[in-house]
Amino acid sequence: MTALKIIRYAAWTAVAAVVGAMAAIALFGMPGQLASSTVQYTGTATVGGPFELSTTDGKPFTDANVKGKPYLVFFGFTNCPDVCPTTLFELTALFKEMGPSAEKITPLMVSVDPERDTAEMLKVYMTAFDPRIIALRGTPEQTASTAKAFAAYFKKVPLDGDNYTMDHTAGVWLMKADGTFQGTLDMHEPRETQLKKLAMLAATTD
């Protein structure tokens, strides 16, 4: 290779390195920013926050009611054909299997369909599940604000006639006693995994 070719090759390599570095910065940020970006992406820094709803007895229920306590949140609605009742039945069974430690966890079910889920409707619906699960509802604005606080999704989906259903996130949010996000509970996970996650959540009070 001639001296001229060597110089050209070195110059091309340097340019390629600069372009690669610029691309990496565009994708991941400056060095040292990746960790904070990852925390944001996983939701650790953004899941949970102030919310204001009501119980089936019409009493206000806010994030202050669970301050200093581990709790879980599930978004659903009474007209849900399968996912919602299945999840609530599974939680009922898990709490029974946990024994006394389940008392440390406050389980919340937030309706994403306040238009149809009246307080009375929710009260009757929840009699089929563990009585410790607190059903909550709010105005459309309160519901949307609560879902946003937990990075949850829901949407009204029209059906034939004037009927509709609700598309929504089906996971269960696990919130530690200090108010931070522990993770989610997936009903497709092995039972042992679910119980371990709930035991870890309950232990955040110790």
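# Helices, hairpins and ring contacts

The charged end of lysine 156 sits over the ring of tyrosine 164, 4.2 Å from the ring centre. The model is a predicted one. Arginine 116 also places its charged end over the ring of tyrosine 164, in this case 3.7 Å from the centre. Tyrosine 164 belongs to strand E7, where it stands opposite proline 158.

Strand E7 covers residues 164-168 and runs antiparallel to E6, to which it is joined by five bridges. The hairpin of E6 and E7 has five residues between the strands, and glycine 161 takes a positive phi near 70° there. A second hairpin is formed by E8 and E9, which pair in the antiparallel sense over four bridges. Leucine 174 stands opposite glycine 183, a residue of E9. Five residues lie between the strands of this hairpin too, and glycine 179 has a positive phi near 90°.

Going back along the chain from E6 leads to alanine 151, in the loop between helix H5 (140-149) and strand E6 (154-158). Most residues other than glycine have a negative phi. Alanine 151 has a positive phi of about 55° although it is not a glycine. This residue comes just after H5. With a relative accessibility of 52%, alanine 151 counts as exposed because the cut-off for that class is over 50%. Phenylalanine 150, in the loop between H5 and E6, counts as buried at 1% relative accessibility.

Helix H5 itself has two sides. Its buried residues are Thr143, Thr146, Ala147 and Ala149. Seen down the axis of H5, these fall within an arc of 160°, so they line one face of the helix. Pro140, Glu141 and Lys148 are exposed on the other side of H5. The cover over the buried residues of H5 includes E1, E3, strand E4 (106-111) and E6.

Threonine 143 gives a closer view of the buried face. This residue is in helix H5 and has a relative accessible area of 1%, so it is buried. Apart from neighbours within four places in sequence, threonine 143 is in contact with Leu53, Ser111, Val112, Pro114, Gly138 and Phe154. From threonine 143 to phenylalanine 51 the distance is 8.7 Å, C-alpha to C-alpha, while the two are 92 residues apart in sequence.

Phenylalanine 51 leads to the aromatic pairs, of which the count is five. In one of them, phenylalanine 51 and phenylalanine 150 have ring centres 5.9 Å apart and planes at 55°, so the pair is tilted. Phenylalanine 51 lies in the loop between helix H2 (34-42) and strand E1 (52-55), and phenylalanine 150 in the loop between H5 and E6, so the pair ties together parts that are 99 residues apart in sequence. Phenylalanine 51 is buried, with a relative accessible area of 6%. Ring pairs link Phe51 and Phe150 with Phe75 and Trp173 into a cluster.

Helix H6 also has a buried side. The helix runs over residues 191-202, twelve residues in total, and reaches 16 Å from its first C-alpha to its last, close to the 16 Å expected at 1.5 Å a residue. Gln194, Leu195, Leu198, Leu201 and Ala202 are the buried residues in H6. They cover an arc of only 120° around the axis, which puts them on the same side of H6. An α-helix has 3.6 residues a turn, so residues three or four places apart point the same way. The exposed residues Glu192 and Lys196 are carried on the face of H6 turned away from the buried side.

What covers the buried residues of H6? Among the covering elements are strand E3 (71-76), helix H3 (83-98), strand E8 (172-175) and strand E9 (181-185). E3 is also among the elements that cover the buried residues of H5.

The last element to follow is H3. This helix has 16 residues and spans 22 Å from its first C-alpha to its last, close to the 22 Å expected at 1.5 Å a residue. Cys84, Pro85, Thr87, Leu88, Leu91, Leu94, Phe95 and Met98 are the buried residues of H3. Glycine 99 follows H3 and has a positive phi, near 75°.

Terms used. Residues numbered from 1 in each chain as written. Predicted model: local features only at pLDDT ≥ 70, side-chain atom pairs only at ≥ 80, totals over all residues. Heavy atoms only, no water. Buried < 20%, exposed > 50% of the residue type's maximum accessible area, 1.4 Å probe, protein only. Pairing = 2+ DSSP bridges. Expected span 1.5 Å × (residues − 1). Arc of directions from axis to C-beta. Contact = heavy atoms within 4.5 Å. Phe/Tyr/Trp six-rings, centres within 6.5 Å; stacked < 30°, edge-to-face > 60°. Lys NZ or Arg CZ within 6 Å of the ring centre and 35° of its normal.
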